[in-house]
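Student: I am new to this structure. Please take me through one part of it closely, and then show me how that part sits in the whole.

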Amino acid sequence: MSAHLQLEPEVLGHVDRLRGELVDLHAQLVRYGLVVWTGGNVSARVPGADLFLIKPSGVLYEDLTPASMVLCTLDGEAVDPSQSPSSDTESHAYVYRHMPEVAGQVHTHSTYACAWAARAEEIPCVLTAMADEFGGPIPLGPFALIGGEDIGRGVVETLTGHRSKAVIMQNHGTFTIGKDARSAVKAAVMCEDVARSVHMARALGECVPIPQDAIDSLYDRYQNVYGQRPSPTA
């Protein structure tokens, strides 16, 4: 597609805003120790258009700028052919096409989540923080090769109908989804946190599962009651 794709002013405004947000959100991956070198990425769906923005391929995090974020179609093609998007772009595109409620995605090779991926195990729900954020275990997705739609297909198949916003892809790493890119980054941070805690707990012995009714109660409270609420209008 042409680099001079004509977009409505409102859509252009969303693109400009998201470019800046994505630079900040990629910095959060570094801040929380979820990525090394150039691995990992964050993407964001553009409201009002069949487009999304994603990290460029092979660029160091400290070198990212708003202009370097690559605008892509939902077929996974860069709008500007001179830019090379992340190697995960086709998988992000697949998720956006098949999960319209998703507006942000993250992929990391964070250490403890990758340890679970290497063992091909889901992370059992043995902490209240897991019940709060993920509503149960963090599921295991299938092994898939990088560079096409296969990873995205595995993400969709695993997370469709699941309360978790994170999936541990076998032998690979973490993929998270969210209502926006910031929510997906939060899920990635929380996923690594509980992956580390449960790993350490298992080194000490058997973990004690949380009963399902308690998981349901914790999830409902965190999703619907926890945090600040907008003040009622006069």
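Student: Let us begin with one residue. Is Ala144 buried or exposed, and why?

Tutor: Ala144 is buried, because its relative accessible area is 13%, and the cut-off for buried is under 20%. Keep in mind that this is a predicted model.

Now place the residue. Ala144 sits in the loop that runs between β5 (140-141) and α5 (150-159). Leave aside the neighbours within four places in sequence. Ala144 is then in contact with Asp150 and Ile151. Met169 is 25 residues away from Ala144 in sequence, yet 8.0 Å away in space, C-alpha to C-alpha.

The loop leads to α5, so look there next. Helix α5 is mostly covered, with seven of its 10 residues buried. The buried ones are Ile151, Gly152, Gly154, Val155, Val156, Thr158 and Leu159. Their cover includes α2 (89-98), β5, β6 (166-169) and β7 (173-178). Just after α5, Gly161 takes a positive phi of about 80°.

Ile151 also belongs to a nonpolar core of 21 residues. Phe52, Val95 and Met99 are among the other members of that core.

Now turn to the largest nonpolar core. This core has 26 residues. Leu29, Val46 and Leu53 have the most contacts inside it. The elements that give two or more residues to this core are α1 (9-31), β1 (41-45), β2 (51-54) and α6 (181-204). Helix α1 gives the most, with seven residues. Take Leu29 by itself. Beyond its neighbours within four places in sequence, Leu29 is in contact with Leu34, Val35, Asn41, Val42, Tyr61, Val106, Thr108 and Val185. The core of 21 residues lies apart from this one.

Next comes helix α3 (111-119). Ala117 is found in α3. Ala117 is buried, with a relative accessible area of 0%. Leave out neighbours up to four places away in sequence, and Ala117 is in contact with Ile168, Met169, Gln170, Asn171, His172 and Gly173. Met169 has come up before, as the residue 8.0 Å from Ala144, C-alpha to C-alpha. Gly40 is another reference point: Ala117 and Gly40 are 77 residues apart in sequence and 15 Å apart in space, again C-alpha to C-alpha.

Pro56 gives a further case of a buried loop residue. Pro56 lies in the loop between β2 and β3 (70-73). At 8% relative accessibility, Pro56 counts as buried. Not counting residues up to four places away in sequence, Pro56 touches Leu64, Ser68, Met69, Val70, Ser84, Pro85 and Ser86. Ser84 is 28 residues from Pro56 in sequence. In space the two are 5.8 Å apart, C-alpha to C-alpha.

Some loop residues need a look at the backbone. Most residues other than glycine have a negative phi. Trp37 has a positive phi of about 50°, although it is not a glycine. Trp37 is in the loop between α1 and β1. At 70% relative accessibility, Trp37 counts as exposed. Ala120 also has a positive phi, near 55°, and is not a glycine. Ala120 is in the loop between α3 and α4 (128-134). Ala120 is partly exposed, with a relative accessible area of 32%.

Now step back to the whole. The protein chain has seven helices and seven strands. Along the sequence they follow the pattern α-β-β-β-α-β-α-α-β-α-β-β-α-α. The radius of gyration is 18 Å, close to the 17 Å that the globule rule gives for 234 residues, so the chain is as compact as a globular protein of that length. Along its principal axes the C-alpha trace spans about 60 × 55 × 30 Å.

Burial and contacts can be put in numbers too. Buried residues make up 46% of the 234 residues. Consider contacts between residues at least 6 apart in sequence. Of these, 64% join residues at least 24 apart. The accessible surface comes to about 11500 Å², and 54% of it belongs to carbon and sulfur atoms. Last, the charges. The chain has 17 positive and 28 negative charges, and their mean positions are 5 Å apart.

Methods: Residues are numbered from 1 along each chain as its sequence is written. This is a predicted model: local features need pLDDT of at least 70, side-chain atom pairs count only at pLDDT 80 or more; totals for chains, interfaces and linings use all residues. Side-chain values use heavy atoms; hydrogens and water are left out. Helices (H or I, at least four residues) and strands (E, at least two) are DSSP runs, numbered from the N terminus. The radius of gyration is taken over C-alpha atoms; the globule rule is 2.2 Å times the number of residues to the power 0.38. Buried means under 20% relative accessible area, exposed over 50%, partly exposed in between (1.4 Å probe, protein chains only). Contact means heavy atoms within 4.5 Å. Accessible areas come from the Shrake-Rupley method with a 1.4 Å probe; for residues, only the protein chains shown count as cover. Lys and Arg count as positive and Asp and Glu as negative; His and the chain ends are not counted. The place of a charge is taken as NZ of Lys, CZ of Arg, CG of Asp or CD of Glu. A nonpolar core is a set of buried Ala, Val, Leu, Ile, Met, Phe, Trp, Tyr and Cys residues joined through side-chain atoms within 4.5 Å.
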